[in-house]
Amino acid sequence: MYTLSRYPKGPMDRAELRKTMKAWPYIMRQVTDPWALRFISTIWEKSADPFWRPTLKQSHYMRLFLRENTYERETTDLIE
């Protein structure tokens with residue numbers, strides 16, 4: 001069993017989980033690896049339960065996927 005030293009960011013709080021799950025459909029469309037697809041779809045199904053919180057390992061991989069597949073929703077201003 002891994003401890004917090006293995007996952008330095010620790011568990012996800014509800015605000016971070018909510019933010020991550022908003023981007024999750026976009027991440028689901030971007031991923032092509034079979035293992036990653038199974039993991040992402042499992043997380044999506046589990047997130048429907050309002051009392052579910054990801055484990056340390058799940059949080060670690062969720063942050064990794066979010067970081068690798070980030071996208072900008074906000075509009076950018078052109079400076080002339």
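Which residues in α1 meet M62, R63, F65 and L66 in α3? They are E16, L17, T20, M21, A23, W24 and I27. The model in which this contact is seen is a predicted one, and the paragraphs below take its helices in turn.

The secondary structure of the protein consists of 3 helices and 0 strands, arranged along the sequence as α-α-α. The protein has 80 residues, of which 29% count as buried. Taking contacts between residues at least 6 apart in sequence, 64% of them join residues at least 24 apart.

Helix α3 is a convenient place to start. Its 13 residues, 56-68, should span 18 Å at 1.5 Å a residue, and the C-alpha atoms at its ends are indeed 18 Å apart, so the expected and computed spans agree. The buried residues of α3 are Q58, S59, M62, R63, F65 and L66. Because these residues cover an arc of only 165 degrees around the axis, they lie on the same side of α3. Residues three or four places apart in an α-helix point the same way, because there are 3.6 residues a turn. R67 and E68, on the other side of α3, are exposed. The cover over the buried residues of α3 includes α1, residues 14-30, and α2, residues 34-46.

The approach of α1 to α3 can be described by distance, angle and hand. The axes of the two helices come within 10 Å and cross at roughly 55 degrees. α1 and α3 are therefore oblique to each other, since an angle of roughly 55 degrees falls outside the 65 to 115 degrees that count as roughly perpendicular and is not under 35 degrees. The crossing in which α1 passes α3 is left-handed. On the α3 side, the residues in this contact are M62, R63, F65 and L66, and each of these four is among the buried residues of α3.

The second helix to cover α3 is α2. Here the axes come within 12 Å and cross at roughly 110 degrees. That angle makes α2 roughly perpendicular to α3. This crossing, too, is left-handed. From α2, the residues W35, A36, F39, I40, I43 and K46 take part, and they meet Q58, Y61, M62 and F65 in α3. M62 and F65 thus appear in the contact with α2 as well as in the contact with α1.

H60 is also found in helix α3. With a relative accessibility of 32%, H60 counts as partly exposed, because the value lies between the 20% and 50% cut-offs. H60 and K9 are 51 residues apart along the chain, yet their C-alpha atoms are separated by 7.8 Å.

Which residues of α2 are buried? They are A36, F39, I40 and I43. These residues cover an arc of only 95 degrees around the axis, which puts them on the same side of α2. R38 and E45 are exposed on the other side of α2. The helix itself has 13 residues and reaches 18 Å from its first C-alpha to its last, close to the 18 Å expected at 1.5 Å a residue. The buried residues of α2 pack against both α1 and α3.

The remaining helix pair is α1 and α2. Their axes come within 11 Å and cross at roughly 145 degrees. α1 passes α2 in a left-handed crossing. On α1 the contact is made by M21, W24, P25, I27 and M28, and on α2 by L37, I40, S41, I43 and W44. Of the α1 residues, M21, W24 and I27 also meet α3. From α2, I40 and I43 also take part in the contact with α3.

S41, one of the α2 residues in the contact with α1, is partly exposed, because its relative accessible area of 28% lies between 20% and 50%. S41 and P25 are 16 residues apart in sequence, and their C-alpha atoms are 9.6 Å apart in space.

The last stretch to consider is the loop between α2 and α3, where F51 is found. Is F51 buried or exposed? F51 is exposed, because its relative accessible area of 69% is over the 50% cut-off. F51 and R14 are 37 residues apart in sequence, with a C-alpha to C-alpha distance of 9.9 Å.

Methods: Residues are numbered from 1 along each chain as its sequence is written. This is a predicted model: local features need pLDDT of at least 70, side-chain atom pairs count only at pLDDT 80 or more; totals for chains, interfaces and linings use all residues. Side-chain values use heavy atoms; hydrogens and water are left out. The expected span of a helix is 1.5 Å times one less than its number of residues. Buried means under 20% relative accessible area, exposed over 50%, partly exposed in between (1.4 Å probe, protein chains only). The arc is that of the directions from the helix axis to the C-beta atoms. Contact means heavy atoms within 4.5 Å. Axes are lines fitted to C-alpha atoms, for helices over the stretch in contact, and angles run from 0 to 180 degrees between N-to-C directions. Angles under 35 degrees count as roughly parallel, over 145 as roughly antiparallel, 65 to 115 as roughly perpendicular and the rest as oblique. A crossing is left-handed if the near helix is turned anticlockwise from the far one by less than a right angle, and right-handed if clockwise.
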